[in-house]
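Let's take a walk through a protein model together. Have the picture open as you read, and find each residue as it comes up.

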Amino acid sequence: MNIESLGRIRQSQVGEGPHSLQISQSSRVFSHLGGVSHNFGTLYKQDANNYEIFKRSVEPLVDLCIGGFNCSFLTFGESFSGKSYTLAGDNIHKQGIVTLAIDALFSRLSEEYRKDSKIQSNAQVSITMYEVYNEKVRDLFTIPKVQSDFLKVTETVEDGFVVQSTQKAIVNTSAEATRAFRDGWSRRTQVQTDFGLSHSYSSVIFQIELSLVSFFPLPILVNND
């Protein structure tokens, strides 16, 4: 298992001024000199945008995914540190990592199809999306009807932890997958708490599953009798 730790310093908000972090030449970040620090394999400064992060650190994962490897991209940090912006962007003109990865996946499949017409016709892309909030799991592809619409989590020896009964959507284009992602993103739990909106404290899992089925044409048998 290969794990790379990336860091991103979000842009300063209006009235905040420049950040006060201390950064060494080896990308080690200190809260203050002599204080707690962390070393990142790659550190993106405040002028880095989502596309730059995607091209350098996430696009290679798309190629690995098509090659048959399991890949994950996790974002974590304190509230209002820019996790949602990194993943989803803020509008259609500023995409996030997820939608950029979707575009790249379908673009790669199209390239493979031009090389071999059997590839895309036997490629199936399916997506699932769910939210973990308050120790409860909810499917974001399903419009909630009652408060008890939560999913069960089981553990097996073969698969580890598995979320049961998630709705899997089969998508045929990047536009279709992006629309499904944004619809699910808008269904995150929206409850006002003492610490702000609840979706700031929930975790969202968006999973893309690519299946490539080998195709071997059957021989045609001709009876000359």
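Let's start with the aromatic rings. This is a predicted model, and a search of the whole structure turns up two aromatic pairs. In one of them, the rings of F181 and W185 have their centres 5.6 Å apart and their planes at 40°. Rings count as edge-to-face only when their planes are over 60 degrees apart, and as stacked when they are under 30, so this pair is called tilted.

Where do F181 and W185 sit along the chain? Both belong to helix 5, four residues apart, so about one helical turn separates them. Now for their surroundings: are they buried or exposed? A residue is called buried when its relative accessible area is under 20%. F181 comes in at 1%, so it counts as buried. W185 is buried as well, with a relative accessible area of 15%.

The other pair brings F181 back, this time with F206. Here the ring centres are 5.1 Å apart and the planes meet at 70°, so the pair is edge-to-face. Look at where the partners come from, too: F181 is in helix 5 while F206 is in strand 13, so the pair ties together parts that are 25 residues apart in sequence. Put the ring pairs together and you get a cluster of F181, W185 and F206.

Next, zoom out to the core. In soluble globular proteins, nonpolar side chains tend to be buried together. In this model, the largest nonpolar core has 30 residues. Two of our ring residues, F181 and F206, are among those with the most contacts inside it, and so are F54, V62, L105, V125 and M129. Which elements each supply at least two residues of this core? They are helix 1 (50–66), helix 2 (83–88), helix 3 (97–115), strand 6 (123–133), helix 5 (174–186) and strand 13 (203–212). Helix 3 gives the most, with nine residues.

For a closer view of one core member, pick F54. Setting aside its neighbours within four places in sequence, F54 is in contact with E59, P60, V62, I97, L100, A101 and A104.

Last stop: a sheet. You'll find an open sheet of three strands in the order 2-3-4, with antiparallel pairing. Strand 2 (22–23) and strand 4 (37–39) are the edge strands, each pairing on one side only. Strand 2 pairs with strand 3 (residues 28–30) over two bridges, in the antiparallel sense. To spot this pairing, look for Q22, which stands opposite F30 in strand 3.

Terms used: Residues are numbered from 1 along each chain as its sequence is written. This is a predicted model: local features need pLDDT of at least 70, side-chain atom pairs count only at pLDDT 80 or more; totals for chains, interfaces and linings use all residues. Side-chain values use heavy atoms; hydrogens and water are left out. A nonpolar core is a set of buried Ala, Val, Leu, Ile, Met, Phe, Trp, Tyr and Cys residues joined through side-chain atoms within 4.5 Å. Buried means under 20% relative accessible area, exposed over 50%, partly exposed in between (1.4 Å probe, protein chains only). Contact means heavy atoms within 4.5 Å. Two strands pair if DSSP finds at least two bridges between them. Rings of Phe, Tyr and Trp (its six-membered ring) pair if their centres lie within 6.5 Å; planes under 30 degrees apart count as stacked, over 60 as edge-to-face and the rest as tilted.
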